Amino acid sequence: MRFVIVLIHAAVLLAGCARPEQEDNRLLAWSGKTMGTQFIVKIVDPPDGDIAVQLRRVVEERLGELEGLLSAYDLGSDVSCLNDNQSVQWMNLSEEIAEVVAEASLVGLLTDGAFDVTCAPLVSLWGFGPGQGAPDRVPTEEQIAVAKTSVGVDKIEYQLDPPTVRKTMPEVQINLSGVAKGYAVDQIAVMLRSAGIANFLVDIGGDVRAQGTNPEGEPWRIGIEAPLPGVRSIQRVVNLADTALATSGDYRNYFVQGGRRRSHIIDPRTGRPIEHRLASVSVLDPSCARADALATGLMVLGPEDGYRLAVEQNLAVLFIVGTDAGFEERMTPEFEAACLPRD
């Protein structure tokens with residue numbers, strides 16, 4: 001049997017607590033929910049008995065801690081505290097917040113503002129923000145212009161030592177959904193390595209990191225979804241060993257009004273949902289946080305500018321572009337090296 005794990009990019013909510021599940025004598029797997037989506041952890045040759053139980057517990061506790069720090073849906077999180085603060089003074093926040101903001105800022109600069117965690121006011125304006133119902137409205141030009149005044153990669157600053165963050169305008173709001181899941185994957189991977197686990201896979205909402213090999217002693221095989229609404233099929237399969245993969249797409253979360261589809265992926269530079277024909281972007285990178293942010297930034301840049309940047313920066317990226325005849329793939333050489341031939 002060959003293990004192929006299909007990444008599910010829609011939010012999948014599971015009822016109850018994390019569910020342990022021993023798939024065979026060599027593979028321990030369990031799943032649960034965090035950050036509004038599903039997590040899956042797979043460990044090859046897990047420790048025995050109480051040690052395995054304790055490992056699951058500390059992983060779940062760490063995920064809960066990270067959600068309490070990074071989620072805009074949690075009113076008591078560090079993100080919410082920063083957003084509620086009407087000061088432009090430096091705030092002493094967690095090391096995690098400073099690290100995530102640092103990673104986001106670097107990708108924001110690299111993509112010339114196409115990835116920008118300060119776009120929260122625009123995300124909410126279009127109806128895709130925390131606590132909002134199904135989006136069904138198109139804001140006015142005036143509303144977009146007002147929201148854009150507090151958006152920009154220069155509107156948030158950070159220091160790592162000591163970990164502090166500040167807004168350059170009181171109105172600035174951040175949303176870390178484009179990088180937080182990837183960061184959480186990295187953090188769990190660090191925990192597992194520290195516990196002596198050599199072969200594992202961590203997946204949070206389709207952001208995934210694989211270490212070592214699968215139970216067959218081969219690289220983990222990861223299936224990337226075809227960007228088709230309402231359909232679960234594999235577009236491509238990649239080998240993943242000691243690296244991470246994240247995908248961004250516009251085919252799950254959107255609304256239609258006046259015959260036009262409005263995606264949840266907002267271009268911070270225009271204040272509007274993307275309208276080009278790029279359907280999904282998958283990025284391979286040693287850092288899942290960076291892969292997560294890059295996938296969104298390149299998705300915003302589009303099929304031409306995004307591909308050009310990926311090639312210039314030697315990034316491993318798969319672009320899937322919609323055409324009148326179906327989907328067209330564009331891979332950078334670095335991604336092609338990890339991609340398996342079609343059956």
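Before anything else, a definition: a cavity here is a set of grid points where a 1.4 Å probe fits but cannot get out, and a residue lines that cavity if it has an atom within 4 Å of one of the points. Please also keep in mind that what we are looking at is a predicted model.

With that in hand, which residues line the largest cavity? They are A104, S105, F115, D116, V117, V153 and I156, and when we sort this lining by class we find five nonpolar residues, one polar and one charged. The volume of this largest cavity is about 40 Å³, and, if we ask for 30 Å³ or more, the count comes to one cavity. As background for those new to the method, rolling a probe the size of a water molecule over the atoms shows where empty space is left.

Let me turn now to the helices, and begin with α3, which covers residues 95–110. How do the axes of α3 and α7 lie with respect to each other? They come within 9 Å and cross at roughly 5 degrees, and because angles under 35 degrees count as roughly parallel, we describe α3 and α7 as roughly parallel to each other. On the α3 side the contact involves E103, V107 and L110, and these meet A289, R290, A293, L294 and L309 of α7. In terms of class, that contact has six nonpolar residues, no polar ones and two charged ones.

The helix α3 also packs with α1, residues 49–70, and here the angle is about 65 degrees, with the axes 10 Å apart. Since 65 to 115 degrees counts as roughly perpendicular, α1 and α3 are therefore roughly perpendicular to each other, and their crossing is right-handed. If you would like to find this contact on the screen, look for R62, L66, L69 and L70 in α1, which meet E96, I97 and V100 in α3; five of the contact residues are nonpolar, none is polar and two are charged.

Going back to α7, which runs over residues 288–312, we can look at how it packs with α6, residues 180–194: the angle is about 165 degrees and the axes are 7 Å apart. An angle over 145 degrees counts as roughly antiparallel, and so α6 and α7 are roughly antiparallel to each other. The way α6 passes α7 is a right-handed crossing. From α6, the residues making the contact are A180, K181, G182, Y183, V185 and D186, while α7 brings C288, A289 and D292. Those residues divide into five nonpolar, one polar and three charged. You may recall A289 from a moment ago, where it was listed among the α7 residues that α3 meets.

I will finish with two details of the backbone, both found in loops. What is the form of the peptide bond from D161 to P162, cis or trans? This bond is cis, with omega near 0 degrees, and P162 sits in the loop between β6 (156–160) and β7 (163–167). The other detail concerns M35, a residue other than glycine whose phi nevertheless has a positive value, near 50 degrees. You will find M35 in the loop between β3 (27–34) and β4 (37–44).

Conventions. Residues numbered from 1 in each chain as written. Predicted model: local features only at pLDDT ≥ 70, side-chain atom pairs only at ≥ 80, totals over all residues. Heavy atoms only, no water. Axes fitted to C-alpha atoms, helices over the stretch in contact; angles between N-to-C directions. Helix = DSSP H or I, 4+ residues; strand = E, 2+ residues; numbered from the N terminus. Left-handed = near helix turned anticlockwise from the far one by under 90°. Contact = heavy atoms within 4.5 Å. Nonpolar A, V, L, I, M, F, W, Y, C, P; charged D, E, K, R; others polar. 1 Å grid on protein atoms, 1.4 Å probe; cavity = no way out; pocket = protein on both sides within 12 Å on 5 of 7 lines; lining within 4 Å. Points joined across faces, edges and corners; volume = space filled by probe spheres on them.
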